[in-house]
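Colleague: Could you take me through one part of this model slowly, the place where two helices pack against each other, together with the charged side chains found there? I would like one connected account.

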Amino acid sequence: MNRYNELKTLVDGIEADFTKFHDGKVNVAGTRIRKAMLELRNLASEIRKEVQEERNSRKGN
């Protein structure tokens with residue numbers, strides 16, 4: 001569940017930047033969103049690999 005919390009924290013952390021970018025037209029918030037989305041993609045990839053490894057190890061038992 002720790003990885004889930006990391007994922008949730010990352011998504012929750014960019015909420016304010018989405019508001020600033022779309023409603024306040026703050027361009028630097030868009031930069032922070034893009035950076036966070038890259039981190040999100042990397043984290044999702046790591047989680048996907050971990051899930052696959054766990055699944056494969058269960059098949060062996």
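Modeller: A word on the terms comes before the geometry: the axes are lines fitted to C-alpha atoms, for helices over the stretch in contact, and the angle between their N-to-C directions runs from 0 to 180 degrees. The model is a predicted one, and in it helix α1, residues 2–13, packs with helix α3, residues 27–60, at an angle of about 165°, the two axes lying 10 Å apart. That angle makes α1 roughly antiparallel to α3, since angles over 145 degrees are counted that way. The crossing in which α1 passes α3 is left-handed.

On the α1 side the contact is made by R3, E6, L7, L10 and V11, which meet A36, E39, L40, L43, E46, I47 and E50 of α3. Sorted by class, the contact of α1 with α3 consists of seven nonpolar and five charged residues, with no polar ones.

The charged residues deserve a separate look. In general, side chains of opposite charge can pair when their charged atoms come close. The structure holds five salt bridges, and R3, E6, E46 and E50 are linked in a network of such bridges. Within α1, R3 forms a salt bridge with E6, with 3.3 Å between the closest N and O atoms; because R3 and E6 stand three residues apart in helix α1, about one helical turn separates them. R3 also meets E50 through their side chains, in a salt bridge of 2.8 Å from N to O. This pair links distant parts of the chain, with R3 in helix α1 and E50 in helix α3, 47 residues apart.

As for accessibility, R3 is partly exposed, with a relative accessible area of 23%, and the same description, partly exposed, applies to E6 at 34% and to E50 at 37%. These values fall in the partly exposed class because buried is reserved for residues under 20% and exposed for those over 50%.

Elsewhere in helix α3, E54 forms a salt bridge with R58, the closest N and O atoms being 3.2 Å apart. Both E54 and R58 lie in α3, four residues from each other, which is about one turn of the helix. E54 counts as partly exposed at 40% relative accessibility, whereas R58, with a relative accessible area of 59%, is exposed.

Terms used
Residues numbered from 1 in each chain as written. Predicted model: local features only at pLDDT ≥ 70, side-chain atom pairs only at ≥ 80, totals over all residues. Heavy atoms only, no water. Helix = DSSP H or I, 4+ residues; strand = E, 2+ residues; numbered from the N terminus. Parallel < 35°, antiparallel > 145°, perpendicular 65-115°, else oblique. Left-handed = near helix turned anticlockwise from the far one by under 90°. Contact = heavy atoms within 4.5 Å. Nonpolar A, V, L, I, M, F, W, Y, C, P; charged D, E, K, R; others polar. Salt bridge = Lys/Arg side-chain N within 4 Å of Asp/Glu carboxyl O. Buried < 20%, exposed > 50% of the residue type's maximum accessible area, 1.4 Å probe, protein only.
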